[in-house]
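Please study the sequence and the structure shown below before attempting the exercises. Each task is followed by a worked solution.

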Amino acid sequence: MGEAQQAVIDVRNLKVEFPGRRGTVTALSDVSLSIRPGEILGVVGESGAGKSMTGLAIQGLLERPGRIAAGEIWLGQRRIDALGDREMERIRGREIGAIFQDPLTSLNPLFTVGAQLTETIRQHLSLGRVEARARAVQLLRDVGIPSPEERVNHYPHQFSGGMRQRVVIALALAASPKLIIADEPTTALDVSIQAQIISLLRRLCKEKKTAVMLVTHDMGVIAEAADRVAVMYAGRLIEIGPVEDVLHAPRHPYTQGLMASIPSLGARVEKLNQIDGSMPRLDAIPMGCSFNPRCRSAGPRCMHERPELTAVANGASACWLNAGGTA
Ligand SMILES: Nc1ncnc2c1ncn2[C@@H]1O[C@H](COP(=O)(O)OP(=O)(O)OP(=O)(O)O)[C@@H](O)[C@H]1O
Ligand SMILES: [Mg+2]
């Protein structure tokens, strides 16, 4: 309970469903995670695992008919999973900032970055025009944009990709949110720029005590930026723990496969799905453990009984072999 009270965001047993003509697809099952102030939780897993869906559910941005079918989402002391659109709109930007892969999804090409920053600032904070403008310039300075007094009057297309993503970070931080959800924030950028953006994000969030959910395919980014790592597979969380443990002593056979697929630590890889076989489709998840068709350690129990996420050492893993069990 003590830990839950401290958390900025606390997701409990989240289930997301998409009702359709051919039945209901469960996109997320029993996802539980929490992030404390100033903590960066990396979220990894191959394409379709449910990483973005988790971020969208937290922000109240599930595409209809997608819906939260079970579980709870707490933002500090406030439960936010069943709020109306208006209330969620207020929370987005003010309490939850977002950074997406493509800076241009967050920026309007028709307005100067100053206009966009001031609008966001004034929408969420009770500041006058002049103060909001000053805050916009300061934010641009904070994210390392040279000559911010001039740059504030420029349009998004006048910035390079890396500088544009810095503007997006400034925009996400504009109202001092408690949580930032960054979904592949550097994937669209040059490799040489990626590390700078990640270290900027990390430094700012540590300074401002912002909790961060950082979705990425890049284990280099995880190693550099994350404090803890959550591993997702087929809509479930299958391992979570401190970054050193998950990278160097992974518990779950899937995580072990992920780590083994990285040529050497620190090397950047584009795709993680180098484990034999592929992740099951959401409408064809096998009985028992969803990883069982690809698991070299799978035993009879794994074929018909689903392992729950269970505490091991400083983290948790969903495998019958962990916590002294047998497969
Ligand atoms: N509108 C939708 N209706 C039904 N299923 C959906 C919908 N949107 C996404 N999904 C499914 O939800 C699952 C999770 O998708 P999600 O986008 O969260 O994956 P991801 O882990 O972010 O993958 P990537 O690394 O490719 O970004 C996928 O299997 C996807 O097909
Ligand atoms: Mg995604």
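The exercises below concern a predicted model, and they treat two sheets and one arginine.

**Exercise 1. The four-stranded sheet**

Determine which strands stand at the edges of the open sheet of four strands, and describe what packs on this sheet.

*Solution.*

Step 1. Write down the strand order: it is β2-β1-β4-β5, and the pairing is antiparallel.

Step 2. Look for strands with a single partner. These are β2 (23–35) and β5 (78–79), so each of them has one side without a neighbour in the sheet.

Step 3. Examine one pair in detail. Nine bridges connect strand β1 (residues 9–20) with β2 in the antiparallel sense. Within the sheet, Val16 is found opposite Leu28 of β2.

Step 4. Add the helix. Helix α2 (residues 51–59) packs on the sheet and touches β1, β2 and β4 (67–75). The directions of α2 and β1 make an angle of about 105 degrees.

**Exercise 2. The eight-stranded sheet**

Establish the order and the edges of the open sheet of eight strands, then place two helices against its strands.

*Solution.*

Step 1. The order reads β6-β7-β8-β3-β9-β10-β12-β11, with mixed pairing.

Step 2. At the edges are β6 (96–99) and β11 (310–312), each of which pairs on one side only. From one strand to the next, the twist averages 25 degrees.

Step 3. Consider a parallel pair. Strand β3 (residues 40–44) and strand β9 (residues 228–233) run parallel and are joined by four bridges. Here Gly42 stands opposite Val229 in β9.

Step 4. Place the helices. Helix α8 lies across β6 and β7 (179–183), at about 170 degrees to β6. Helix α9 (residues 191–208) lies across β3, β6, β7 and β8 (211–215), and its direction makes about 160 degrees with β8.

**Exercise 3. The surroundings of Arg166**

Is Arg166 buried or exposed, and which residues does Arg166 contact beyond its neighbours within four places in sequence?

*Solution.*

Step 1. Locate the residue: Arg166 belongs to helix α8 (residues 161–173).

Step 2. Assess its burial and charge partners. Arg166 is buried and has no salt bridge. A salt bridge requires the charged atoms to be within 4 Å, whereas Asp142, the nearest side chain of opposite charge, is 11 Å away.

Step 3. Search for a polar partner. A polar atom of the Arg166 side chain lies 2.9 Å from the backbone oxygen of Val143.

Step 4. List the contacts. Apart from its neighbours within four places in sequence, Arg166 touches Val143, Gly144, Ile145, Gln196, Ile197 and Leu200.

Conventions
Residues are numbered from 1 along each chain as its sequence is written. Chains are lettered from A and ligands numbered from 1 in the order in which they are written. This is a predicted model: local features need pLDDT of at least 70, side-chain atom pairs count only at pLDDT 80 or more; totals for chains, interfaces and linings use all residues. Side-chain values use heavy atoms; hydrogens and water are left out. Buried means under 20% relative accessible area, exposed over 50%, partly exposed in between (1.4 Å probe, protein chains only). Lys and Arg count as positive and Asp and Glu as negative; His and the chain ends are not counted. A polar contact is a pair of N or O atoms within 3.5 Å; within protein, one must be able to donate a hydrogen and the other to accept it, and residues adjacent in sequence count only if both atoms are side-chain atoms. Contact means heavy atoms within 4.5 Å. Two strands pair if DSSP finds at least two bridges between them. Axes are lines fitted to C-alpha atoms, for helices over the stretch in contact, and angles run from 0 to 180 degrees between N-to-C directions.
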